[in-house]
Structure formats: C-alpha cells, structure tokens
Amino acid sequence: MKTHIIILAAGKGLRMKSSLPKVLHKVGNLSMLEHVIKSTKFLNPSSVNVVVGKNSKLIQDSIINADLNWVVQDKQIGTADAVKIALPNIPDEDHVLILYGDTPLIDETLISQFLSEGSDSDLRVLTTTTNNPKGYGRVIRDTKKLEYISEIIEELDASEEQKNITECNTGIMYANANFFKTFTSQIENQNAKQEFYLTDIVNIANQNNKKVFGFHTHDFEKVSGINDKFQLAQAEKYFQTLQRKKLLSNGATLLDMDSIFIRGEVDIQKDVTFDANVIIEGKVIIGENVQIQSNVKLRNVVIARDTVIKSNTIVEDSEIGTNCRVGPYARIRPNSCLDSDVTVGNFVEVKSSTIGKNSKASHLSYIGDTEIGKEVNVGAGTITCNYDGVNKHKTVIKDNVFIGSDSQLVAPITIEEGVTIAAGSTITEGNYKDSLIIGRARQVVKKDWKRPK
Ligand code: UD1
Ligand code: CA
C-alpha cells in the first residue's frame, strides 16, 4: 500500500507578526517544516507534497537533501483548496496522510498509532483534548457510535454550546486519494471566514454514508498547532523537556534540568554531568565522565572522556581530547583540535589550531592558525600574530617549547623544539633548536630620576 504525504504550509502566518514564513520558524533550531518532514521518513512515503504560497522561494531554499514536490497555492483560500491542488499527482487508490506545517511536534510514534486503528473507516481524523480549545475546530462525535465523528465545527462558526467542547481537530487526516479528490471538490466556503475548510469534508462524508473514524490522543503537545509566538515558545519548552528526558534516560546528570537547551543532537557516554545553563547546538558527542560546567555553549563538538569544560566557555566545530581542562571563559573557535591532557585556561581564544598532548595555555592568549606540539607551555598573554592585514599566516610551535609571558609570535614562524622564549618578546625568527630567544628592548635604568613638576 502506497502512502503519500501532503503538508499544508501555504498559510500567511499573520499571527506570528514576522516577515519569516510561519513554517520556517524553528523549534529546537530546526524549522517547523523540517520537523514535519522528518516525522514521515519512517513511512518511506511515495511522495511528499508541500503546499506553499506564491512567494515561497525562502521555504523551498530552506530544505536541501529532501525529495519534495512543491505545490504552489496562489491564494490562501482555505485548507480544502490547499489539499485539492496537491491531489492530481497522486493515484486514486493510494493513501494520503495530511499533515500541517504548523504542527511540528508530531512524531513517528503518534503517526504509527494513528495509522494502526480505524482501518475499516473511509477517513481517519486525529483529535486531541485541551482545556483551552480556543482556535481549534471542535469535534462532534456520532452519538450512536462514539468512535466516529459526524462533524467538525470551526471556532468562528461554533455556537456557544459547541465552543464548550474540548475535543479538538488536529488537522491531521488519512484516507485514500480518491476519497479526498471526490469530497474536497464538494466543499464550499459559506462560513465566517469565507474559506474552503478541509474540516467540512467530515460532514460531507457522513452525508454520503462514509465512516469517519476519530483517533484521539492525549498527547496534546505533540499535535498543538503553532499560530503565534506564544505557542511557538510553548512548543520549544515542550521540545526541550523531551530532549532533557532523553538525555537523562541515557544516563546524564543534569544539575538543573530546566536549564539545558538542546538545539541539535547530543550523544553521551556514561557519567556525564551538566551544570546549569548549557546550550547544545548541532551535533555534539561527549565521552565518559565529562563535566560540563555552567554557562557553556557547545556547537558541533566532540569531547573525549574525563575532560572538564569549565564555566562560561564556548566551543564550536572542534575536537577536545581526553582529560583536558578548558576554561573558565575560554573560546575554542572552529577547526581546533586539542590532544589529550591539554589545558586551555581563562580568556584564551583558540582558532583553527591544534594543541599537542600535555601542552598548556593557561591565561589570556590568542592562538590562531597554529600548530602546537607536545609539552608546550604558552605563557600568559601570548599572542600569535597571524594576520598581516591581508592574509592569515601559520605559526608552528614544536615540542617542549616554553613561551614566556606576554610574547608575540609574528607569523609565518616556526619555533623549534626545546626553545625557550623570554617573557615580553616579539619573535620574528624562530629557527633555532634548544635555544633561549630574547626579543625585547633592553631595560634602561636612570638612577635618581624624578618626574618633572
Ligand atoms: C486548522 C483547522 C482546525 C484545527 C487546527 C489545528 C481548518 C479549516 N481548520 O485551523 O480545525 O483545529 O488547524 O491546528 O482546516 N494552509 C494552507 N493554505 C490555506 C490555508 C491554510 O496551506 O489556504 C495551511 C497553513 O499554512 C497551516 C495549515 O494549513 O499549516 C492550517 O491553517 P491555519 O490557518 O493555521 O488553520 P487553523 O486556524 O489553525
Ligand atoms: Ca494552525
């Protein structure tokens, strides 16, 4: 049995008060539309049809690596019209699952449950219950057979009594393409909004003696529609709760479980601890017994076992080895790689650099485009001068080098093995092994000198 997906995403999203199309707003740093597309992967659908408005280049450009049919709805005259224009390419006997681009937290589990029941009906509708159903279409059950639905009434068209109904339409529906083709074309727009409501298909189906099965889920959060920024913020909150639970079930210790934010994926080994206010972005892999202290941001990082990332540190697109100490207040910028037992201390910035085993840069340094060997000590305030105003140049610091505090290494430069650089040096020539290099003005003392009055 072939299944096709239709995702409705053409709505203007006026209630978001934003120039960004509604479905491009993000939950957990992934656009709502991407969430919906992701949730259908397990069905291996024959086609995924996304209905968008006329100026949808931004939406189309936002999705790469997915095989989608873009269906353009010129005017947003209602959800029934949006479905209707997506149908012609789908063979009559195939099945169609309708999802909404503004309902991003639907997931594989709920979709499979929904599709597993009501197979003897003609149309299946996913419903939910909330104490605050404002804005949702209300579900009128068939009083004789409660698993069936006889009608869905939109908020604006509902009587006061109907507004008290707390069972809501999620918008998610399933039937064969022929069913949708036949009945969407009978839907009219005589209602408060003068829109072609897809929800009217329920009433029309009943009039034609078709069975409409209502599958109810208690997971309101997974099917709540996002129409404004408040609902977006609520969805983010719920999404974060799910991520935190996943992390806890994988064995993480969260010292404040409300203040870790996962905007991507995180993979952890045993005994990883996160203190308060940690932000994870992209793909982050963390080894056994790693400690992430407070106010840390990690983006696309691999951290090996026994390492401590101390407070107020940012690490991006880099690899940190075993048993390192990074921070507090360190910044590891992209393309950096720390070998094991490395210390990068406070106010040290590292960019596109590698630091070898057992080396240390403990205080106030800039290390850019640099290759540092093993057992190197980079003194406080050392700067690699990698930029001449036009090009970036490389610094190589070989094993066992000791760089005295407040030194500048003017790149391109190589500091040979075993070299000691005197504090306060500006080094422009480094090719001497096992030497002491002093590159500073000689101190002058003028005895008994007094400041002029
Ligand atoms: C819709 C349902 C309502 C349900 C709620 C669930 C209808 C008439 N109402 O209301 O019963 O409780 O969703 O969240 O279906 N869209 C288009 N083209 C259009 C209009 C809308 O593609 O012409 C898309 C929107 O981008 C959105 C979805 O359809 O993704 C739903 O539209 P929206 O305007 O948000 O409907 P609701 O008022 O939320
Ligand atoms: Ca909506």
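Which residues are the closest to ligand 1 among those that surround it? In this predicted model, ligand 1 is surrounded by 24 residues, and the closest of them are G11, Q73, T79, E154 and N169. Three side chains can be followed up to the ligand itself. E154, one of those closest residues, has a polar side-chain atom 2.7 Å from an oxygen atom of ligand 1. For D102, a polar side-chain atom lies 3.1 Å from an oxygen atom of the ligand, and for N227 the corresponding distance is 3.4 Å.

Two of these names return in the description of the largest pocket. D102 and N227, together with R15, K22 and G135, are the residues that lie nearest the centre of this pocket, which has a lining of 49 residues. Two or more lining residues come from each of α3 (79-86), β10 (167-176), α8 (220-223) and α9 (229-249). Of these elements, α9 gives the most, with 5 residues. The space in the largest pocket amounts to about 1,600 Å³, and its lining is made up of 18 nonpolar, 20 polar and 11 charged residues.

The second largest pocket comes next, with a volume of about 900 Å³. It is lined by 32 residues, and L30, H35, K38, F239 and G264 are the closest to its centre. Here the elements that give two or more residues to the lining are β3 (30-31), α1 (32-40), α9, β13 (260-268) and β15 (278-286). Helix α9 is thus a good landmark for the newcomer, being listed for the largest pocket and again for the second largest. The lining of the second largest pocket divides into 14 charged, 9 polar and 9 nonpolar residues.

Turning to the strands, an easy place to start is the pair formed by β4 (residues 47-52) and β5 (residues 69-72). These strands run parallel and are joined by 4 bridges. Within this pair, V52 has V72 of β5 as its bridge partner. With helix α2 (residues 57-62), β4 and β5 make up a β-α-β unit that is right-handed.

Further along the chain, 11 strands build an open sheet with parallel pairing, in the order β12-β14-β16-β18-β20-β23-β26-β29-β32-β35-β37. The edges of this sheet are β12 (253-254) and β37 (436-437), each of which pairs on one side only. Inside the order, β26 is followed by β29. Strand β26 (residues 360-363) and strand β29 (residues 377-378) are paired in the parallel sense through 2 bridges, with A361 standing opposite V378 in β29. In general, strands of a sheet pair through backbone hydrogen bonds, either parallel or antiparallel.

Some details of the backbone also deserve a look. Most residues other than glycine have a negative phi, and most peptide bonds are trans. Against that background, the bond from G327 to P328 is cis, with omega near 0°. P328 sits in the loop between β20 (325-326) and β21 (331-332), and β20 is one of the strands of the open sheet. A cis peptide bond, again with omega near 0°, links A411 to P412. The loop that holds P412 runs between β33 (408-410) and β34 (413-415). Finally, Q194 has a positive phi, near 50°, although this residue is not glycine. Q194 belongs to the loop between α6 (177-184) and α7 (200-207).

Terms used. Residues numbered from 1 in each chain as written. Chains lettered and ligands numbered in written order. Predicted model: local features only at pLDDT ≥ 70, side-chain atom pairs only at ≥ 80, totals over all residues. Heavy atoms only, no water. Pairing = 2+ DSSP bridges. Right-handed = clockwise from strand over helix to strand, strands pointing away. 1 Å grid on protein atoms, 1.4 Å probe; cavity = no way out; pocket = protein on both sides within 12 Å on 5 of 7 lines; lining within 4 Å. Points joined across faces, edges and corners; volume = space filled by probe spheres on them. Nonpolar A, V, L, I, M, F, W, Y, C, P; charged D, E, K, R; others polar. Near = heavy atom within 4 Å. Polar contact = N/O pair within 3.5 Å; in protein donor to acceptor, adjacent residues only side chain to side chain.
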